[in-house]
Amino acid sequence: MRIRIGLGLGARIVQAGAPPSSAPTLRLVLAPAAPQPGDLVRLTGLVSGTPLPTGLSPLTVTAGGAAVPLAGTGLQRSFVARPGALAVSASVTTSEGTAADTLAATVPPGQIVSDAETLSLGWAAVPEATGYTVEAGLAGTYAFSRSAVVPGTSHNFTGLAPGAYVGRIRAEFAEGLGPWRF
């Protein structure tokens, strides 16, 4: 093993063959880039630097001014999109420095139910589906209080209180249920 020693005060000792140290960089990315209410959103921190950053700290995500619960660790987190202004800020720190990034997006409100008290949902047919389970709930609560099983590709929920609602749909197959789609 060869060790190179720098001359002069404060020079670093570098092991031969080791990559040079560099300051970290961070870029935050949302997928999908334009989330809709109820979407499962993946937040990823794209990083570089030597040593390579391994986690986002601190990390804050708010929607409409309220903190958003996050799942995951390291450089990826996921959350369910809520209507309102979405604000994300994070930083990474290594022995070579700190990098920070922020991003902002707007998640549109769910379908607005006003005096008509009806939420109308429609979707494309899924091949081999035998029917669909449809649910509706107030946007931002994700408590789906209304449910129906329908054979076709549309459904109307009636008698709803005024507010912003989101719906989700799941195809049913002879072998079982498909995933929820918002």
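Begin by selecting W123 and Y132, both of which are buried in this predicted model. A search of the whole structure finds one aromatic pair, and what you have selected is that pair: the ring centres of W123 and Y132 lie 5.5 Å apart and the planes stand at 65 degrees, so the arrangement counts as edge-to-face.

Next, select R168 together with E135, whose side chains meet in a salt bridge with 2.8 Å from N to O. The count of salt bridges comes to one, and because R168 belongs to strand β15 (residues 163-173) while E135 belongs to strand β12 (residues 131-138), the pair ties together parts that are 33 residues apart in sequence. How buried are the two partners? R168 has a relative accessible area of 19% and is buried, a label that applies under 20%, and E135 is buried as well, with a relative accessible area of 13%. Keep R168 selected and add W180, since R168 also lies over the face of W180, at 4.1 Å from the ring centre.

Now turn to strand β7, residues 76-80, and colour its two faces separately: R77 and F79 make up the covered face, whereas Q76, S78 and V80 make up the uncovered one. In a regular strand the side chains alternate between the two faces of the sheet. Extend the selection to strand β4, residues 40-50, which pairs with β7 in the antiparallel sense over five bridges; within this pairing, T44 stands opposite Q76 of β7.

From there, move to an open sheet of four strands, which run in the order β6-β5-β8-β9 with antiparallel pairing. Which strands stand at the edges? They are β6 (66-67) and β9 (97-107), each with a single partner strand, so one side of each is left without a neighbour in the sheet. Inside this order, select strand β5 (residues 59-63) and strand β8 (residues 84-94), which pair in the antiparallel sense over five bridges, and look for V61, which stands opposite V88 in β8.

Finally, clear the selection and view the whole protein, which has zero helices and 16 strands. Of its 182 residues, 32% are buried, and the protein exposes about 10500 Å², of which carbon and sulfur atoms supply 57%. If you display contacts between residues at least 6 apart in sequence, 58% of them join residues at least 24 apart.

Methods:
Residues numbered from 1 in each chain as written. Predicted model: local features only at pLDDT ≥ 70, side-chain atom pairs only at ≥ 80, totals over all residues. Heavy atoms only, no water. Pairing = 2+ DSSP bridges. Buried < 20%, exposed > 50% of the residue type's maximum accessible area, 1.4 Å probe, protein only. Contact = heavy atoms within 4.5 Å. Areas by Shrake-Rupley, 256 points an atom, 1.4 Å probe, with all protein chains shown as cover. Phe/Tyr/Trp six-rings, centres within 6.5 Å; stacked < 30°, edge-to-face > 60°. Lys NZ or Arg CZ within 6 Å of the ring centre and 35° of its normal. Salt bridge = Lys/Arg side-chain N within 4 Å of Asp/Glu carboxyl O.
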